[in-house]
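Student: I should like to learn how to read salt bridges in a structure. Please take me through some cases.

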Amino acid sequence: MRELRITAIASLMLLGAAISGRAGAALSSETPEARAPAAAVLCKEAVVNPVSGYAECVRPPGAPVAPPPPRPPVVKLAVFEFELDDVSPAASFLGQTTSNEAVMEKVSSEARRMLAESGRFILVDMSKVDAEPVRAKSLRNCNGCEAGIALQAGADQALIGIVRRVTQTDYYVLIQISDAQTGKVLNQQEANFAGGPDGWASGVRMLIKHQVLVAAEDP
């Protein structure tokens, strides 16, 4: 009886070894490609489900949709009134200047509208700021003093803009954004446009749309 029991145990051990050997052989016969996990299928086109409000992949259907990139933080921005720098021959040599106050108010208003609608900035109310460079519209010549003025108003960044008229039908728009804490220039853009005062607001709008906001997207 004892010999029979020993024989049965030995048979079971041999059977287990045989099964293990076959399993190992089967695994070793698989190619590396067969053992590698399948590559994830990337979504090439997604739409927003009008019911759920979530993005769903339609090409290929059911593939996981990558989350959208994080939105940049909203910045509190002090937008100062745009300043006119008239260096046209009529102003420089003949002393002939014209009042463009209403035009410049329109320029500043259009700039604020574009920046606010971009969703990247919260505009700080600067209407009660009484600093001398602001009243005199001479921020372009105050060596970065706009940063400190903006900081006192509770802004993170300061924006100054200049319309520089070089002829009666030719002008430049310059926009500079600086850090209110350090005064470091963060974004500086300039472009040349053709047209008279009636087109200055349009030039400012084009510069903000195609250069200022585009540069603000870069890390």
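Student: Where do Arg113 and Glu110 lie with respect to each other in helix H4?

Tutor: Helices (H or I, at least four residues) and strands (E, at least two) are DSSP runs, numbered from the N terminus. Arg113 and Glu110 are three residues apart in helix H4 (residues 101-117), and are therefore separated by about one helical turn. This is a predicted model, in which local features need pLDDT of at least 70 and side-chain atom pairs count only at pLDDT 80 or more, while totals for chains, interfaces and linings use all residues. Residues are numbered from 1 along each chain as its sequence is written, and side-chain values use heavy atoms, with hydrogens and water left out.

Student: Which interaction joins the side chains of Arg113 and Glu110?

Tutor: A salt bridge is a side-chain nitrogen of Lys or Arg within 4 Å of a carboxyl oxygen of Asp or Glu. Arg113 and Glu110 form one, at 2.6 Å from N to O.

Student: Is Glu110 buried or exposed?

Tutor: Buried means under 20% relative accessible area, exposed over 50%, and partly exposed in between (1.4 Å probe, protein chains only). Glu110 is buried at 14%, whereas Arg113 is partly exposed at 34%. Shared salt-bridge partners join Glu110, Arg113, Glu117 and Arg205 into one network.

Student: How many salt bridges are there by this rule?

Tutor: The count is ten. One of them pairs Glu45 with Arg59, whose closest N and O atoms are 3.3 Å apart. Glu45 is in strand S1 (residues 45-48) and Arg59 in strand S2 (residues 55-59), so the pair ties together parts 14 residues apart in sequence.
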